[in-house]
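The following paragraphs lead through a structure from its sheets to its subunit contacts and its nucleic acid surfaces. Please keep the sequence and the model at hand while reading.

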There are 2 protein chains.
Amino acid sequence: MKKVSISDIARKAGVSVSTVSFVMNDKAVKMRISREVIEKVENVAREMGYRPNQLARGLRTGKTKTIGLIVENIANAFFATLAKSIEDEAKRHEYKVVYCSTDNDEEKARELINMLSQRQVDGYIITPTLNLADDIRKLQAENKPVILIDRYFPQHEEIPAVLVDNYEGVAHGMETLIAKGYRKIALVSIETEMAHMKDRLHAYCDVLRRHGIPEEKSRVKIIPYNSDHEKALKEVETLLAGAGTDIDAVFFLTNYLGVLGIEVIKKLQIKVPEQLAVICFDDNDIFRLYTPTISVIRQPVEEIGKKAMLALVERLGHTGEESYPTTSSVRLTADLVARESI
Amino acid sequence: MKKVSISDIARKAGVSVSTVSFVMNDKAVKMRISREVIEKVENVAREMGYRPNQLARGLRTGKTKTIGLIVENIANAFFATLAKSIEDEAKRHEYKVVYCSTDNDEEKARELINMLSQRQVDGYIITPTLNLADDIRKLQAENKPVILIDRYFPQHEEIPAVLVDNYEGVAHGMETLIAKGYRKIALVSIETEMAHMKDRLHAYCDVLRRHGIPEEKSRVKIIPYNSDHEKALKEVETLLAGAGTDIDAVFFLTNYLGVLGIEVIKKLQIKVPEQLAVICFDDNDIFRLYTPTISVIRQPVEEIGKKAMLALVERLGHTGEESYPTTSSVRLTADLVARESI
DNA sequence: ATCCATGGCTAAAACGATTTAGTTCTTATC
DNA sequence: GATAAGAACTAAATCGTTTTAGCCATGGAT
């Protein structure tokens, strides 16, 4: 069974292709097509199960009603939830989503942008990798709107981003730990030059400094990005072995690291929070259900996705010639969810 | 800045559009284009940053090199992991993925199929909802291959599926519980007519019967599908309140239900496995890290995704006229991962 | 001198829509 | 009775590719 095309409808209804097109696009009245013809065409189209070919339509109009979503890894709970909220909001505006994971690989990210560009997506929502700013500028130069999420390029304010205030989030967590009397606070992060992670790290350093607490190199563990699970576990293990003596609290800077941390804590049977207070950036079912429950700096994930999609839709609405809506970046707040671990 | 098209290249290189097309598609030799012209075209294309428009290409060739992935909910860890393995395998075969979530809504699923069909995807991987078989048959009639995952239609063997043997998985878990001496085994499932869930339920009943253990209605809790989190929690709570007296073990038939169960167990401070043994279908980080660790029937998620994509690619390779590869459904095994909870 | 083969390209149709600029009737207007 | 103004449509160009059929030299065989 072949697909039915607009000319099949035209033939069967005994009218021209143009007429069918007008009827299908609600331009029939404007084009003064008669009541009878409109009904005739609509009936034939319904009977034959006509569905316009979006490729042809996209080729002609230049709009595909599709957006490209590039995340780090769709299997990660954070990005999966983000993806869902973007999908839902996109649907509300009649957009479809093509998604891809970069695995944090710069080269792969570039390829993905090319792929999506070849598929003529109308706009992009991107979790960028390092050095991707130039490629993104090119998209903008082609008049394709781009919204960054989760991460941003501080030196490129012309690329709008929707994200939380990472610095404030961590600072708030740190202040709370210090207020509770913890002084030997350790930090676990991943190796990256991306600004959002640097912000988190800076907050840690700044708050310590502000309270006159010396920064001990031995308390800061930066996991190399390409470490496998086992290797990363080992690294965290050496750090947390000092629980109760060298360190009295630990701040995990990402979701993934926090889960890793729990694994180590469980293995070493560290008493939380007696021997070690724990706080993590980003929530996760585990943190809510582990015993003791783990305190987190919670990002409003759904809101990020929704706001990003809205910002994109706003830009997509404008035809390009008119003055662009320069709604710049959106910064949300990441709140502390204090649980038993601190 | 506008996109460069094939005719821009042709003009600049001083050749015809056809020649450029041949060169770009590695048909230059077959079409006996001279060395010099080939190089000339390649250089111009590179300089101008030419990227073929996939819409136009798809319109002409009828192939978009895109597959549609329909899952229940991309935010769910199980489907997110599945999606990632499908994406990875698709990439290996030069396919892109457009994904959508049904939220288990039949009508939405139908709409999604229509959407994807309008976008001319080459094939589909679908987590079906109830009553979707006819719509899927239509896709097959249009010569679009479809592979089901996670679920299947027992009365439609002509729709291939990649999934685990749900019956065996649950039966194995039940046998293990019984072998360990548990007799008052409760069950938590969700309300659905889908075959994969019925299989799991039947395994529970059959194993009990085989061991002459009476089936108590009060030990089986079926959560209505549209229950919100709070309501579902309440339901599970009433069941688990009987831990230690009315029931001595509980089998959660899905990942989501298991997490819900943990929440209740934590709240009621039920001793696992002393008061209550726990086993869940599908693994999850939480089960591995909770104290005590929770036993599960583990599905090989990555393998399901990979096998499904491979089955699809195999069908996509065949042009349609030839005899179809009737590699029927793939059934994998779901193994028991015995942990501290039993 | 004619024919055929082959090498090296190009013209033009086709894919399935949208959209601009007509065309052909009526009917009203002066 | 000629002209203008709608009303109700349609023809054809266009989007950017792929692909089939064919054109035009050149050179060797007859």
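In this predicted model, helix α9 of chain A, residues 195-210, lies across the strands β6, β8 and β9 of chain A. Its direction makes about 170° with that of β6(A). The strands beneath α9(A) belong to an open sheet of 6 strands in chain A, ordered β7-β6-β8-β9-β10-β12, with mixed pairing. Because β7 (220-223) and β12 (335-337) of chain A each have a single partner strand, they stand at the edges, and one side of each is left without a neighbour in the sheet. On average, neighbouring strands of this sheet are turned by 15° against each other, direction ignored.

The pairing can be followed strand by strand. Strand β8 of chain A (residues 249-252) runs parallel to strand β9 of chain A (residues 277-281), and 4 bridges join the two. Within this pair, A:V250 has A:V278 of β9(A) as its bridge partner. Helix α8 of chain A, residues 166-179, also packs on the sheet, where it touches β6 (185-190), β8, β9, β10 (295-298) and β12 of chain A. The direction of α8(A) makes about 170° with that of β9(A). Further along, β9(A) and β10(A) are parallel and are joined by 3 bridges; here A:I279 is paired with A:S295 in β10(A). The step from β10(A) to β12(A) likewise has 3 bridges, but these strands run antiparallel. A:I297 has A:L336 in β12(A) as its bridge partner.

Chain B also contains an open sheet. Its 6 strands follow the order β7-β6-β8-β9-β10-β12, and the pairing is mixed. In chain B, β7 (220-223) and β12 (335-337) are the edge strands; each has a single partner, so one side of each is left without a neighbour in the sheet. Neighbouring strands are turned by 15° against each other on average, direction ignored. Strand β6 of chain B (residues 185-190) and β7(B) run parallel and are joined by 4 bridges, with B:S189 standing opposite B:I222 in β7(B). Helix α8 of chain B (residues 166-179) packs on this sheet and touches β6, β8 (249-252), β9 (277-281), β10 (295-298) and β12 of chain B, its direction making about 170° with that of β9(B). Helix α10 of chain B, residues 229-240, lies across β6, β7 and β8 of chain B and runs at about 180° to β7(B).

How are the two chains placed relative to each other? A turn of 180° with a shift of 0.0 Å along the axis lays chain B on chain A with an RMSD of 0.1 Å. The two copies are thus related as by a two-fold rotation axis. Among the residues of chain B, B:V98 comes closest to this axis, its C-alpha lying at 2.2 Å.

The interface places 42 residues of chain B in contact with 42 residues of chain A. On the side of chain B that touches chain A, α4, α5 (77-92), β2 (96-101), α6 (106-118), α11 (255-268) and α12 (285-289) of chain B each supply at least two residues. This side of chain B comprises 21 nonpolar, 11 polar and 10 charged residues. Since 100% of the interface residues of chain B are also interface residues in chain A, the copies meet through the same surface.

Attention now turns to the helices α1 and α2 of chain A. The axes of α1(A), residues 6-13, and α2(A) come within 8 Å and cross at roughly 110°, which means that α1(A) is roughly perpendicular to α2(A). The contact involves A:I6, A:S7, A:I9, A:A10 and A:A13 of α1(A), and A:V17, A:V20 and A:S21 of α2(A). By class, its residues divide into 6 nonpolar, 2 polar and no charged.

Both chains contribute to the surfaces near the DNA. Strand D is surrounded by 28 residues, of which A:S16, A:S34, B:I6, B:N53 and B:A56 are the closest. At least two residues of this surface come from each of α2 (17-24) and α4 (54-61) of chain A and α1 (6-13), α2 (17-24) and α4 (54-61) of chain B. The surface near DNA strand D has 13 nonpolar, 11 polar and 4 charged residues. DNA strand C is surrounded by 27 residues, the closest being A:S5, A:S18, A:A56, B:S16 and B:S34. Here α2 and α4 of chain A, together with α2 and α4 of chain B, each give two or more residues. The surface near DNA strand C has 13 nonpolar, 10 polar and 4 charged residues.

Notes: Residues numbered from 1 in each chain as written. Chains lettered and ligands numbered in written order. Predicted model: local features only at pLDDT ≥ 70, side-chain atom pairs only at ≥ 80, totals over all residues. Least-squares fit on C-alpha atoms with pLDDT ≥ 70 in both. Contact = placed C-beta atoms within 7 Å. Pairing = 2+ DSSP bridges. Axes fitted to C-alpha atoms, helices over the stretch in contact; angles between N-to-C directions. Near = placed C-beta within 6 Å. Nonpolar A, V, L, I, M, F, W, Y, C, P; charged D, E, K, R; others polar. Parallel < 35°, antiparallel > 145°, perpendicular 65-115°, else oblique.
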